[in-house]
Amino acid sequence: ATMAGDAFPEGSGGAGSRSADSIWENWDAFMEKLQVLQDGAAALDAAAQAGDMAAVEEARGQVGSSCRSCHTDFRLREPAGG
C-alpha cells in the first residue's frame with residue numbers, strides 16, 4: 001500500500017492499461033483515496049500483529065472498501081469478453 005502511488009507515474013496510462021485519465025486529472029483526490037488504503041493497511045497490520053481478530057475484520061473492511069472506491073472512480077471497465 002505504501003508503494004501504490006509509485007505505480008502511477010504521470011502518463012503511465014494508455015494502451016493496455018485500465019488506469020483512467022482521471023487519476024492524473026484529479027491527482028489530489030486519487031492520493032486521498034490512496035491514503036485511506038494506506039491507513040487501512042497499517043491498521044490491518046497492527047491488528048494482525050496484536051492478534052485482535054475483531055480489529056482485523058474492521059481493518060479488512062476498510063481496505064476492501066478503499067480498493068472498491070478507488071477502482072470505481074479511477075479504473076476503466078474491463079472490455080467485454082476480457
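This tour visits the salt bridges of a predicted model, one pair at a time.

Side chains of opposite charge can pair when their charged atoms come close. With a salt bridge taken as a Lys or Arg side-chain nitrogen within 4 Å of an Asp or Glu carboxyl oxygen, the count for this structure is three.

**First selection: Arg-18 and Glu-78.** Display both side chains; they meet in a salt bridge with an N to O distance of 3.8 Å. Arg-18 belongs to the segment before helix H1 (22-25), and Glu-78 to the segment after helix H3 (53-74), so the pair ties together parts 60 residues apart in sequence. With the surface switched on, Arg-18 is partly exposed at a relative accessible area of 28%. Glu-78 is likewise partly exposed, its relative accessibility being 43%.

**Second selection: Lys-33 and Asp-73.** Here the side chains form a salt bridge at 2.9 Å, N to O. The pair links distant parts of the chain, since Lys-33 sits in helix H2 (residues 27-50) and Asp-73 in helix H3, 40 residues apart. Asp-73 counts as partly exposed, with 40% relative accessibility.

**Third selection: Glu-57 and Arg-60.** Remain on helix H3, which holds both residues of this pair. The closest N and O atoms of their salt bridge are 2.8 Å apart. What separates the two residues along the helix? Three residues, or about one turn. Glu-57 is partly exposed, and its relative accessible area is 40%.

To close, select helix H3 once more: Asp-73 lies there, as do Glu-57 and Arg-60.

Terms used. Residues are numbered from 1 along each chain as its sequence is written. This is a predicted model: local features need pLDDT of at least 70, side-chain atom pairs count only at pLDDT 80 or more; totals for chains, interfaces and linings use all residues. Side-chain values use heavy atoms; hydrogens and water are left out. Helices (H or I, at least four residues) and strands (E, at least two) are DSSP runs, numbered from the N terminus. Buried means under 20% relative accessible area, exposed over 50%, partly exposed in between (1.4 Å probe, protein chains only).
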